[in-house]
Structure formats: structure tokens, C-alpha cells
Amino acid sequence: MLDRLAVEFQREHEEFEELTTRQKALTLNRWLRSRKLLGMDSPNRNYRRLRNCFIGQALRYKPHQSLPLVSSAIYCSIADRLGIDAKPCLFPSHVHTLVFPPAGVSLDGIPAEEAEANQDGELPTAIADSMHLDPYGTDEEVPKDTLLALLANFGWQANADIFLSSGQPRSLIMRLAHNIRATFTPDLSGPNQPEPYVPSFDTSRPASGSSVINRDSALLAFVWARLMLLPPNGLEWVDSLHRIFDRFTTSWIGDTWLVEKYICPIYDLTGPHGQVWDNPRNLVNTKRDQDNVPLRPRRRADAGAEVLYKVGQVFRHRRLNFLGVITGWADDGPVVAPEDTVMRAVDPSGERSVYYTCM
Amino acid sequence: MVRRMDSMSQFKVLQRAILPVNDRSQIPDDLFETAGLYFKRFDEKTGMFISNIREEFPDD
């Protein structure tokens, strides 16, 4: 898709190569924005939609809405195909884009030897000859002074270098991960309401896949991003590890091999820390031992009481009113209430399916 | 207060709390999607998912 867009742009701009870097950057920005490939309508409603975090969704489906970070990535990717050196820039609260001229030439086409040195006799630094764009928000170049003023509002002008220069991939990934995570925090300012059911052609949702599984996968991606990119002895890392452990205990989707291949080495690198049970290798070994235990077949005739329903039966819970499917049964559950009969209760284990609200 | 249950975890339900549902039209799409984690096929006639764990539950 990105290749196709680059080719299309080139065809429409035959004299592109003769422009200065600055002109090229602005032309591309204007073109992409005029095609409505960047940015977002109604950000107060759409900023925290999961779908807008994903570059694939933004490029493939109309409306092509995306977060500033994703808009910047789209811009930089196409710019790269056109020979423009552009990188995302991790400005607080709103990712911008930096454009650099090729070596030896300024943004406006002036060769380096003619560039003026500043008072100390040094040549301009990389930051000095770069321009900022906001493909998400505007057609025009964003002057450094505007950005510096915004930083001053936050009180961060002393660190301007960090915020105005290009972001490391690691930081970009974490930034997106946090954005994904943030789509799941409930809106604290408005009334608490569950997301209404929307039909599948609603483009504010990811275009395919179960919303439940998408949600689970997106949150899992957030946890894994932390595990791969954060220092292993930090609190956030250990917290993320515990979430992976929880996943093993609450569902069969353990992905044991992934933990073994990627997380154990990271943990091992920093030596044993935390409690013994924090070591992911223990989890992996336990899981493998469990998997190797042969299953004892459960026959209905052996059950303490009569098993009425079969595996695969869809049911509604009498009291809690949710829908589930039976995935097995056992007759060794805890005795629950005094009105149980002499026969032990038979507990089919079921799967809950639907979100519900209660007052 | 909104309470959300994780749709992908299994837990135990007492037999006497079960009201069987065998009508395909009463089953919403999202149940099918999450049931796909445990079942591969669904029998339209009986309105039940087809077990693929006969090793553990041979009579079902």
C-alpha cells in the first residue's frame, strides 16, 4: 500500500526531484492530507478507539483515521520511498515529524560550505537544520518556536533537545503500546457506559476479528512490548510478567514456548531476583509437566450424580443470565449450599461469553 | 457500576443453574467467536458445539 502511494505521488509530481527538501516535505504533506490519509475527525470521540492505533487499519479502510504517531509513521514511510529523510519525533502528547536534508545540503538547497557558522565557529548541528511537521494536524511546517513555547507550558524547555529530535524505535513502540493500553481505560470524565454493540461495517472498530479477542490481543501486545523493551528488574517489567503468569492460570492459551524462548533469557540475564516463583522458567517447567500428564477419561457412569448435559451444550445461567458453553464436567466441586441433596453436585465447567453490567 | 467478565476464561457452573439453549438464533456472534477457542464445529440441527475432547470425555 505504501509503495503504491509513493508511486502514485511520483506520477502526479513529475518535477519532484528539482524541489528543495523543504518543498518536497511540504508537498508530500499537503498531498497526503488532501487525500485524507492522515489525521482524525472528532478527536474527542475517536482518539481512544483501538482501530486508530493500527497503521494497517488506517491505510486499508476509509476513513483513514490514525493517531499522530501512526500518521507520522505513514508520512515517514512514504517519504522514505521518495528519498526524503523523515523521522517521527516524540514530542509530548502529540508526535510530530522531523525532516532532515541530505548530507552536505541545507533544507533549502544551500550547499554546506556556504552555510554560516554560528558565533562559536561551529557549523549548524543536525537539529538546527531540520524542520518539524505535523502531518496529523496541519499542512504547514511547525516552527521550532511554537514547539519550544509548548514545551515551556509543560515546564520542559530545558530538555528541548530530547523532545525535538527523532525518537528511538524502542520509545516509539512503547508510546504506541501506551496508546493501545489507554484505549481500554474507561472514560473518567463522562458517564460510565459500556461500548454499544456496533455492526461489523462500523469503521471505528477494527475491521475484522472478534472484538473480545481483539481486545485481549491488544492488551497482550502491550504486556509483551513491556517485557521485551523495559529493564527486567523494574516494577513494570515484573508486573507485566505476572500478567503473563495469570494468563497461564486463567486460560489454556499459555504460549509456553514464547515465554521460554523470549522471556526466560531476559530474566536469566539479570540474575535471579524477586521471589523464586517469579522465575518464568518455573512456570514453563510446571506447564510442561502438566501437559505431559495423560488425561484420565471421565465417564458418565462413574460420576457421583447424573450428568445431564453434554460438552458443547449452549446454556444460559439461571441466576446470572449470561450465555456459556459447556466445556467439561466434574463431580468434585465444592459443596455449595445447604439445600444440596445427598448426591454430590455435578459441576459442568462452562465458559462465560458476554459482558454484562450490574448496578 | 459496570462489571466486565473476561470472556476467555473457564469456570465452574452448577448443574442446576443451567438452562439449556438449543436455538441457534439466540446465540450471538460474539459467543461463536470466543467458542472458537474451544470448539471447531457447530451442529446446526442440535444447536450444540461439537466436542473435540473425546479423550477426556468419551461419552459426550
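**Close-up views of chain A in a predicted model**

**View 1. Surroundings of A:Leu32 in the predicted model.** Leaving aside residues up to four places away in sequence, A:Leu32 touches A:Leu37, A:Leu38, A:Tyr75 and A:Ile78. A:Leu32, A:Tyr75 and A:Ile78 are also among the residues with the most contacts inside the largest nonpolar core.

**View 2. The largest nonpolar core of chain A has 35 residues.** Besides the three residues named in View 1, those with the most contacts inside this core include A:Leu28, A:Ile74 and A:Val99. Two or more residues each come from α1 (2-12), α2 (21-34), α4 (55-60), α5 (68-81) and β3 (131-133) of chain A. The most is given by α5(A), which supplies six residues.

**View 3. A second core is separate from the largest one.** This core has 23 residues, including A:Ala177, A:Ala225, A:Leu227 and A:Phe248. A:Phe248 appears again in View 6, where this residue of α10(A) takes part in the contact with α12(A).

**View 4. Four strands of chain A form an open sheet.** The strand order is β1-β2-β3-β4, and the pairing is antiparallel. At the edges stand β1 (85-89) and β4 (141-142) of chain A, each with a single partner strand, so one side of each has no neighbour in the sheet. Strands of a sheet pair through backbone hydrogen bonds.

**View 5. Strands β2 and β3 of chain A pair, with helix α2(A) lying across them.** Strand β2 (residues 96-100) of chain A runs antiparallel to β3(A), and three bridges join the two. A:Val99 has A:Met131 in β3(A) as its bridge partner. A:Val99 is also listed among the residues with the most contacts inside the largest nonpolar core. Helix α2(A) lies across β2, β3 and β4 of chain A and runs at about 0° to β3(A).

**View 6. Helices α10 and α12 of chain A pack against each other.** The axes of α10 (residues 235-250) and α12 (residues 280-292) are 11 Å apart and make an angle of about 10°. The two helices are therefore roughly parallel, since angles under 35 degrees count as such. From α10(A), A:Leu241, A:Phe245 and A:Phe248 meet A:Pro280, A:Leu283 and A:Lys287 of α12(A). By class, this contact has five nonpolar residues, one charged residue and no polar residues.

**View 7. Chain A as a whole, for orientation, has 359 residues.** Its secondary structure comes to twelve helices and seven strands. Buried residues make up 43% of the chain. Of the contacts in chain A with a separation of 6 or more, 59% are between residues 24 or more positions apart.

Key: Residues are numbered from 1 along each chain as its sequence is written. Chains are lettered from A and ligands numbered from 1 in the order in which they are written. This is a predicted model: local features need pLDDT of at least 70, side-chain atom pairs count only at pLDDT 80 or more; totals for chains, interfaces and linings use all residues. Side-chain values use heavy atoms; hydrogens and water are left out. A nonpolar core is a set of buried Ala, Val, Leu, Ile, Met, Phe, Trp, Tyr and Cys residues joined through side-chain atoms within 4.5 Å. Buried means under 20% relative accessible area, exposed over 50%, partly exposed in between (1.4 Å probe, protein chains only). Contact means heavy atoms within 4.5 Å. Two strands pair if DSSP finds at least two bridges between them. Axes are lines fitted to C-alpha atoms, for helices over the stretch in contact, and angles run from 0 to 180 degrees between N-to-C directions. Angles under 35 degrees count as roughly parallel, over 145 as roughly antiparallel, 65 to 115 as roughly perpendicular and the rest as oblique. Ala, Val, Leu, Ile, Met, Phe, Trp, Tyr, Cys and Pro count as nonpolar, Asp, Glu, Lys and Arg as charged, and the others, Gly among them, as polar.
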